[in-house]
Amino acid sequence: MPRKLTPDMWLFGVMIMLLSIGVVMVYSASAIMATDRFHDPYFFLKKQLVWALLGALSLLGVLRVDYRRLERLQWPILITAGVLLVLVLVPPFAHPINGTRRWLRLGPVSFQPAELAKLALVVYLAAYLARKREGLADFWRGLVPPLAIAGTFALLVLAQPDLGNCLTLIVVTFGLLFLAGVRVRHLLMMLAPALPLLMLAVWMAPYRLRRITTFLDPWADQRGGGFQIIQSWLALGSGGLFGQGVGESKQKLFYLPEAHTDFIFAVVGEELGFVGALGIIVLFVVLIWRGLRVGVRTPDAFGAYLALGITVLIATQTLVNLGVVTGSLPTKGLPLPFISFGGSALLMTMLSTGVLLNISQHANV
């Protein structure tokens, strides 16, 4: 009798809890601003619920389809993501917002191609590594092809400009290659020329250089570059042990910029306190643990690398966001998975989690 396919319920339960907390906190962090700008306190909440519903439908859809089909679709997915990354840079498709070109807009709906590019790259790398397991020791034939594609995607994202997602693509690529057993010496050979290019990208953009100097000493420019991180610290510090209570944040009252998006964890810390913030971190730790467990216990190589890649992707974005909000890293525009307001980011995160749940049905977890 064939084994009944059941997804990892730990993974599913943690995702539901994070998503639910995210919906509540998006409303709490955005209601005042939404009332002031759009005369509707539920403006961002309604958008978040719509994207969460689309994400849930996408999750259920991929859960019912064998994930191994993605291996055959790797090139269509990768090419689609690449074309969208190019289109977002070209008028009339490009719609600049605050000097950046990161979104494609279709009527009232906007989509960020970089979000699709991250999942597309993971699918491609998983298929490539599964196929070339014996050839990864060869630097030119084994490593250069995937690094060339990852580098092209990273440069296209950097051109938007979006250094945060660019670095995410690089971290996920090197993380998967390391987990696949690629020689550390070869990885260091590829990182060596990448570091000067990163320094050049920071030096050529004055605002990036300001972020570095602000990170080193935010109090030197309290009303300018250091304002956001200082307000974030005030929010986290005023939360105390158990917080001020949901809806009682003071920093969201036009003090803390991006309170409902990139810096929503600061509002979480203020309203739910150290205990609530630690609880959310524990949920992410459990999610990452279960994801790595799925990857290690999946019988086929493609499924294993795909699960590990998705987990590394979620872990990277989580660690970077928490690092930025706590002042441990320079400011980068990356949302906190499941928690921050953001349409395409939430949709693609839930779609990726659906793939991970699909793989878990076949793993010995």
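Here is a short dialogue on reading aromatic pairs in this predicted model.

User: Happy to start with the rings. How many aromatic pairs does the structure hold?

Analyst: There are 10 aromatic pairs. To sort a pair, look at the angle between the ring planes: over 60 degrees counts as edge-to-face. Take Trp10 and Trp289: their planes stand at 80°, so this pair is edge-to-face, with the ring centres 6.0 Å apart.

User: Nice. Where in the chain do Trp10 and Trp289 lie?

Analyst: They come from distant parts of the chain, 279 residues apart. Trp10 belongs to helix α1 (residues 9–38), while Trp289 belongs to helix α11 (residues 264–297).

User: And are Trp10 and Trp289 buried or exposed?

Analyst: The general idea is to read the relative accessible area, where over 50% means exposed and under 20% means buried. Trp10 has 51%, so it is exposed. Trp289 has 41%, and is therefore partly exposed.

User: What sits over the ring of Trp289?

Analyst: That would be the charged end of Arg290, 4.8 Å from the ring centre.

User: Could we try another pair? What is the geometry of Phe43 and Phe44?

Analyst: Gladly! Their ring planes are at 90°, so Phe43 and Phe44 also make an edge-to-face pair, and their centres are 5.1 Å apart. As for accessibility, Phe43 is partly exposed at 22%, whereas Phe44 is buried at 8%.

User: Which residues form one aromatic cluster with Phe43 and Phe44?

Analyst: Phe38 and Phe341 join Phe43 and Phe44 in that cluster.

How values were computed. Residues numbered from 1 in each chain as written. Predicted model: local features only at pLDDT ≥ 70, side-chain atom pairs only at ≥ 80, totals over all residues. Heavy atoms only, no water. Phe/Tyr/Trp six-rings, centres within 6.5 Å; stacked < 30°, edge-to-face > 60°. Helix = DSSP H or I, 4+ residues; strand = E, 2+ residues; numbered from the N terminus. Buried < 20%, exposed > 50% of the residue type's maximum accessible area, 1.4 Å probe, protein only. Lys NZ or Arg CZ within 6 Å of the ring centre and 35° of its normal.
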